[in-house]
Amino acid sequence: MEECRHIRKCGACRYLGKEYREQLGIKRESVAEAFSSQGLKIKVNEVVGMDSPYHYRNKVIANVSMRNGRISCGMYEENTHKVVGTPDCLLQNEKLNGILNTICTELDSLKIRAYGFGGVLKQILLRIGIHTGQVLVVFVTSDDMFHGRADLVKRITKKHGEIRTVIQNTNPRETSVVLGTREKVLYGSGYIVDDLLGHRFKISARSFYQINPEQTEKLYSKAIELAGIREGETVLDAYCGIGTIGISAAGKAGRIIGVEINGEAVKDAAGNARHNRIDNAFFFCEDVKDFMRGFNSGTDVLIVDPPRTGCDRMFLDAVKKLRPSRIVYISCNPETQARDISVLSDIYKYGEAYPFDMFPQTRHIENIVILSLIS
């Protein structure tokens, strides 16, 4: 069991002081309690954990501040906006930790200051393709004018050849949403690629891509297995993101229909399908509940992987109208998942719960439940 010297201030790793088996047991119980609170009796399988539950995050968002005249990059101290420097975070990919430390050093060397301290730099976002080793760097600024950026990009790309692209994202708003809508590619193509379940995916700054690639492959494999997709069947992938799960399931289906409200993600999904020579996957940029209300073609399998807030009532009503024969519900919040399944339980019977530990050392858990239409 590893120890972190920032744990008392950072607060992100609530379970870091617990043995890993104990963590998995607590998370399994949390899934059972979420369903029990909705009056649903469900068998909860053992949580699928990791062999080494550290340094799994392929995405880093570091807040930028100043301390004693020097740049400080890291997490916010719990319940504050004070930045805790986390140069050796136990959750973040070790290569990304090293790159972030280099960036902080070069920011100081170039006398680039943080937002709120006479500068424009608010956050630094890093992503890595675990299988390709490619790294994407995003500097989030309050203004388009980012003095010193050319020298900064030159220095960090010289020291870290794995950095394939650097982007400046401008977000002038005072909000918890990190990325704004304006982007400028400072170096490279503007995206990286990674491999998942035998397919290659393009990942840009605003793409949704699961943060734990080792566990993602286990999660998606199980979801596709539970879906029981047969030749010729239509699969509707709601909240499809960049198309990872739909494309991974395409070889078993007649057609895949992916729906996502993020236009950039839809472009990436369509490009990913072309790149992987998948000709039976089609992607649409629309609010998924609006799409489903107007979708008249038959759907055999619905794959749902919503945000933590779960599915709203309009979406669930659209599901009941569409009546897919099977629903694979993937969730990062078993409480809203159980709530939604309770709403659907008048016409669907639910199977077992299959939890996956996507977020070791934290309270969070991912869970899959298969639902079948009651005939």
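User: Which exposed residues does the face of helix 4 turned away from its buried side carry?

Analyst: A general point on helices comes first. An α-helix has 3.6 residues a turn, so residues three or four places apart point the same way. In this predicted model, the outward face of helix 4 carries Ala150, Lys154, Lys158 and Lys159, which are exposed.

User: Which residues of helix 4 are buried, and why do they line one face of the helix?

Analyst: Helix 4 spans residues 149-159, and its buried residues are Leu152, Val153, Ile156 and Thr157. Viewed down the helix axis, these residues fall within an arc of 115 degrees, so they line one face of helix 4.

User: What do the buried residues of helix 4 pack against?

Analyst: Their partners are helix 3 (94-109), strand 5 (135-141), strand 6 (163-170) and strand 7 (182-187). Helix 4 itself lies across strand 5, strand 6 and strand 7, and runs at about 155 degrees to strand 6.

User: In what order are the strands of the open sheet that includes strands 5, 6 and 7 arranged?

Analyst: As a general idea, strands of a sheet pair through backbone hydrogen bonds, either parallel or antiparallel. Here the open sheet has 7 strands in the order 3-2-1-4-5-6-7, and the pairing is mixed. Strand 3 (83-85) and strand 7 are the edge strands, each pairing on one side only. On average, neighbouring strands of this sheet are turned by 35 degrees against each other, direction ignored.

User: How many bridges join strand 1 and strand 4, and what packs on this sheet?

Analyst: Strand 1 (residues 59-67) pairs with strand 4 (residues 121-128) in the antiparallel sense over 5 bridges. Within this part of the sheet, Ile61 stands opposite Leu125 of strand 4. Helix 3 packs on the sheet and touches strand 1, strand 2 (70-76), strand 4, strand 5 and strand 6. The direction of helix 3 makes about 150 degrees with that of strand 4.

User: How should one read the sheet with the order 12-11-10-13-14-16-15?

Analyst: The order is read across the sheet, and then the edges are identified. This open sheet is formed by 7 strands with mixed pairing. Its edge strands are strand 12 (281-285) and strand 15 (348-356), each of which pairs on one side only. Neighbouring strands are turned by 15 degrees against each other on average, direction ignored. Strand 15 pairs with strand 16 (residues 366-373) in the antiparallel sense over 7 bridges, and the bridge partner of Tyr354 in strand 16 is Ile368.

User: Which strands does helix 5 touch, and which does helix 7 lie across?

Analyst: Helix 5 (residues 213-227) packs on the sheet, touching strand 13 (301-304), strand 14 (326-331), strand 15 and strand 16, and its direction makes about 10 degrees with that of strand 16. Helix 7 (residues 263-275) lies across strand 11 (255-260) and strand 12, running at about 170 degrees to strand 12.

User: At roughly what angle do the axes of helix 2 and helix 10 cross, and which residues meet there?

Analyst: The axes of helix 2 and helix 10 (residues 334-344) come within 8 Å and cross at roughly 35 degrees. The crossing is right-handed. From helix 2, Val31, Ala34 and Phe35 meet Pro334, Glu335, Gln337, Ala338 and Ile341 of helix 10.

User: Is Gln23 buried or exposed, and what is it in contact with?

Analyst: Gln23 belongs to helix 2 (residues 20-36). Gln23 has a relative accessible area of 1%, so it is buried. A polar atom of the Gln23 side chain lies 3.1 Å from the backbone oxygen of Lys18. Leaving aside neighbours within four places in sequence, Gln23 is in contact with Tyr15, Lys18, Pro360 and Gln361.

Terms used: Residues are numbered from 1 along each chain as its sequence is written. This is a predicted model: local features need pLDDT of at least 70, side-chain atom pairs count only at pLDDT 80 or more; totals for chains, interfaces and linings use all residues. Side-chain values use heavy atoms; hydrogens and water are left out. Buried means under 20% relative accessible area, exposed over 50%, partly exposed in between (1.4 Å probe, protein chains only). Helices (H or I, at least four residues) and strands (E, at least two) are DSSP runs, numbered from the N terminus. The arc is that of the directions from the helix axis to the C-beta atoms. Contact means heavy atoms within 4.5 Å. A polar contact is a pair of N or O atoms within 3.5 Å; within protein, one must be able to donate a hydrogen and the other to accept it, and residues adjacent in sequence count only if both atoms are side-chain atoms. Two strands pair if DSSP finds at least two bridges between them. Axes are lines fitted to C-alpha atoms, for helices over the stretch in contact, and angles run from 0 to 180 degrees between N-to-C directions. A crossing is left-handed if the near helix is turned anticlockwise from the far one by less than a right angle, and right-handed if clockwise.
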